Amino acid sequence: FQLAQLNNLDAPFELTVGQKLQLPLSLDFSILDTGVPDGASPAVAVSVPAQPSQQRKKFVAPKLGANGFNWPVEGEIITEFGPSARGVHNDGVNIAANLGAPVIVSANGTVAFVGDNIKNFGKLVLVKHDRGIITAYAHLDNISVNEGDVLAAGDTVGNVGSTGRVSSPQLHFEIRKSRQPIDPRSLIS
């Protein structure tokens, strides 16, 4: 939303290779207000380098990434990490999957939180990992772990559901390091 406003872009917010964009001074795209009065220059011009078109795979499957993390469920990524057209920042990815499909923990860790009826996320599990990393698994149909459980990569944390603010079976999956969200695709190939 902020980028669209700064660059006078209209939906569907398509960009072209080499197009120059203005970026906000704040790197936190979850902040929707620039804090700069109308008429002031809130950004600097940046040129996007031309790169060969590279389509991202929409299908993900549980496999080990270079950093020791796995995809937690097999399915199609239906919402990518980052800002969306509605001006909301997705701090993870949403993966469409079959209702009841097992959701596995992405890496060795300890269950830090188990919640039911969490606003927007429904049934949610948070797992702490080494190096200050936490993974989140939301919209679960049921949960099969308890707080304090020590898990090995591949252990089941629950099953895909549609709890919280979603209308179809899916898993919202996040990876955070020191509270900062990380694009799961950057850790899992």
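This report describes the fold, the nonpolar core and the aromatic pairs of one chain. The structure is a predicted model.

The chain contains 15 strands and two helices. Of its 189 residues, 34% are buried. Among contacts with a separation of 6 or more, 55% join residues that lie 24 or more positions apart. The exposed surface of the chain comes to about 11,100 Å², and 52% of that is supplied by carbon and sulfur atoms.

The largest nonpolar core has 26 residues, and the members that touch the most others are V125, Y137, V157 and F173. Five strands each supply at least two residues of this core; they are listed below.

| Strand | Residues |
|---|---|
| β7 | 93-96 |
| β10 | 122-129 |
| β11 | 133-143 |
| β13 | 156-160 |
| β14 | 170-177 |

In soluble globular proteins, nonpolar side chains tend to be buried together.

Two of the core residues also meet through their rings. The structure holds two aromatic pairs. In one of them, Y137 and F173 are tilted, with 5.5 Å from centre to centre and 40° between the planes. This pair links distant parts of the chain, since Y137 sits in strand β11 and F173 in strand β14, 36 residues apart. Y137 and F173 are both buried. Ring pairs also bring in W71, which forms a cluster with Y137 and F173.

What does F173 touch, leaving out residues up to four places away in sequence? Its contacts include W71 and Y137, the other members of the ring cluster. F173 also touches N70, P72, G92, V93, S106, T135, A136, P184 and I188.

Technical notes: Residues numbered from 1 in each chain as written. Predicted model: local features only at pLDDT ≥ 70, side-chain atom pairs only at ≥ 80, totals over all residues. Heavy atoms only, no water. Helix = DSSP H or I, 4+ residues; strand = E, 2+ residues; numbered from the N terminus. Buried < 20%, exposed > 50% of the residue type's maximum accessible area, 1.4 Å probe, protein only. Contact = heavy atoms within 4.5 Å. Areas by Shrake-Rupley, 256 points an atom, 1.4 Å probe, with all protein chains shown as cover. Core = buried A, V, L, I, M, F, W, Y, C linked by side-chain atoms within 4.5 Å. Phe/Tyr/Trp six-rings, centres within 6.5 Å; stacked < 30°, edge-to-face > 60°.
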